[in-house]
Amino acid sequence: MKALKITLISSAILAILYVSAIFALEFYIGKQLEKQDKVSYSEFKMSFGGDFILKDLKFKNEILEVEAEEVSLKVGIMKIISSDTILIRQSFAKNVQLNHYKIEADSTQSDSLKNDDKKKIQRPFALRKVQIEGLDFYAMEKNAEGQVDTLTRVLGADLQANLGDIKDLKFEQLERLNVQYFKQKAGVLQDISFDHLKYENHQFEIDTFKVFTRYSKEDYINYIPEQKSHVDLVAHKVVLDSVDFEIDKNKLVKISLNEVLIDSFELEVYRDKTIPEYTPHKPTYGQMVQKLDFLIDGNALETQNSRISYAMKGEDGKVSVIDLNDVKARLTHIHNITERDQNAILKGSFSVSPGSLVNVDLSYNQFENVETFILDAHATNVETSALNSMLKPAINVELSGKINELKSHMDSRGDANGTFMIRSQDIAVDVFDKENKRRKVVSFVASKLLNPPIEKNSEVRDFKRDPTRSMWRYAWFFILEGMKETVL
């Protein structure tokens with residue numbers, strides 16, 4: 001009986017202490033919030049279970065602006081009473097807008113703000129379950145004149161995560177993520193965006209992914225001193241499966257994934273050659289991969305039903321276009337793990353004219369410092385008229401007739417060697433001078449010398465890569481060189 005009495009008295013004392021702690025905490029937190037001139041809210045509540053609710057919360061300083069319709073925190077009261085750690089067991093935020101400002105001109109004020117904030121945060125805290133609904137996030141940059149440029153925009157984000165140590169976050173702690181819209185400034189010309197991203201169980205799904213130039217084809221050259229490409233890429237229904245991010249102390253160590261499947265894409269590349277040529281050396285794909293400070297381990301990327309269009313505006317103001325239709329491609333061994341000693345392998349096909357088929361096999365060494373690859377192209381039933389738009393600006397030649405078969409083998413080790421074969425029943429040549437006038441006699445003689453039907457072979461030796469241009473231009477001009485050696 002005496003033991004029961006002691007137990008009841010002890011329980012009563014603990015209950016009184018707990019209730020007293022609740023009221024004390026509510027009073028203390030309320031008073032502390034009232035002191036914060038940068039924080040405002042319409043309502044503050046605290047329950048006996050340790051639930052904090054803030055309505056219409058607003059916070060603002062020089063680098064952050066936060067508005068939330070509702071913020072709810074479930075706090076471990078006994079943890080606060082018995083230790084110096086603030087444990088937030090569960091947090092929920094609804095309809096949040098977060099603006100982050102990067103101040104370039106004078107960081108003195110922002111540094112002092114950070115130091116003040118550090119002084120105010122005296123007790124360590126732990127955060128467990130996080131749930132956010134309806135987050136809009138903007139990362140903005142202010143220059144010395146106070147003008148604002150939006151670098152990142154995230155709209156309609158929903159997130160759910162179970163966290164451990166916030167100083168060592170893990171990707172597997174992310175349970176669910178949905179984003180209505182995302183846009184990121186990616187440089188002087190291009191932006192990246194996607195619509196309707198969904199993540200769950202290590203799989204990402206994206207309805208539409210875009211890389212696009214923010215200026216029109218007519219206007220973009222006013223923002224660059226030298227030639228660069230105007231790029232518009234739209235990819236539909238992108239799925240990334242078995243995705244994992246290995247993170248150590250909040251630093252990315254490795255990205256792993258099985259396959260990236262793209263239902264279809266459209267890529268339009270346009271280059272205006274009326275401004276000075278681009279002079280800096282363009283890094284190879286291998287050099288770009290080697291510069292990454294984290295590992296990539298991907299099995300494959302695959303796409304079908306796609307289209308690529310390349311257009312070039314020459315110095316004469318005329319635009320040349322070549323279209324690659326029915327593009328299918330599969331890229332494997334997407335990694336930068338040197339121990340595997342595996343080249344990236346690309347196998348693909350496309351059409352340049354009705355009934356034509358071009359097969360491409362590429363083995364690319366991503367670990368060399370110079371452009372190192374083997375490329376085999378095999379084309380059949382190609383109408384030469386589909387190529388003339390690019391042939392004429394490059395070598396002042398137009399072809400007529402059909403190429404029944406074309407083979408190109410290119411072995412690049414910084415410079416390229418290889419072979420070229422062409423077979424045709426009715427090919428003919430028109431040669432033009434620098435003023436774009438047809439050279440009738442030369443054209444007649446060249447066509448007679450061809451004397452179709454033909455099947456000719458040639459070799460290309462020590463072909464040089466233009467270090468200011470891409471690998472694909474290098475390969476295209478190698479094929480042109482083979483055509484000159486064989487046909488012309």
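A search of the whole structure, a predicted model, returns 25 salt bridges. Three of these pairs are described here, followed by strand pairing, backbone outliers, a surface patch and chain totals.

Lys183 and Asp191 form one salt bridge. Their closest N and O atoms are 3.8 Å apart. The two partners fall in separate accessibility classes. Asp191 has a relative accessible area of 4%, so Asp191 is classed as buried. Lys183 has a relative accessible area of 24% and is therefore partly exposed.

A second salt bridge links the side chains of Asp361 and Lys347, with an N to O distance of 2.9 Å. Asp361 belongs to strand β17, residues 357-364. Lys347 belongs to strand β16, residues 344-351. The pair therefore ties together parts that are 14 residues apart in sequence. Asp361 is partly exposed, at 31% relative accessibility. Lys347 reaches 51% and counts as exposed, because the class begins over 50%.

In a third salt bridge, Lys392 meets Glu398. Here the closest N and O atoms lie 4.0 Å apart. Glu398 is partly exposed, with a relative accessible area of 25%. Salt bridges with shared partners also build a network, which joins Lys183, Asp191 and Arg214.

Strand pairing was examined for β9, β10 and β11. Strand β9 covers residues 190-200 and strand β10 covers residues 203-213. The two pair in the antiparallel sense over ten bridges. Within this pairing, Lys198 stands opposite Glu205 of β10. Strand β10 is also joined to strand β11, residues 229-240, by eight bridges. These two strands likewise run antiparallel. Thr208 stands opposite His236 of β11.

The hairpin of β9 and β10 has two residues between the strands. Asn201 is placed in the loop between β9 and β10. Asn201 has a positive phi of about 55 degrees, although the residue is not a glycine. Its relative accessibility is 68%, so Asn201 counts as exposed.

His333 also has a positive phi, of about 60 degrees, and is not a glycine. This residue is found in a strand, β15, which spans residues 319-335. His333 is partly exposed, with a relative accessible area of 27%.

A nonpolar patch on the surface is formed by Val441, Phe444, Val445 and Leu449. Together, these residues have about 440 Å² of accessible area. Leu449 lies in helix α6, residues 440-450. At 65% relative accessibility, Leu449 is exposed, because that value is over 50%.

At the level of the protein chain, there are seven helices and 23 strands. The chain has 488 residues, and buried residues make up 37% of them. Contacts with a separation of 6 or more were also examined. Residues 24 or more positions apart account for 59% of these contacts. The exposed area of the protein chain is about 27500 Å². Carbon and sulfur atoms supply 54% of that area.

Terms used. Residues numbered from 1 in each chain as written. Predicted model: local features only at pLDDT ≥ 70, side-chain atom pairs only at ≥ 80, totals over all residues. Heavy atoms only, no water. Pairing = 2+ DSSP bridges. Helix = DSSP H or I, 4+ residues; strand = E, 2+ residues; numbered from the N terminus. Buried < 20%, exposed > 50% of the residue type's maximum accessible area, 1.4 Å probe, protein only. Patch = residues over 30% accessible without salt bridge, like charges linked within 9 Å, V, L, I, M, F, W, Y side chains within 5 Å. Areas by Shrake-Rupley, 256 points an atom, 1.4 Å probe, with all protein chains shown as cover. Contact = heavy atoms within 4.5 Å.
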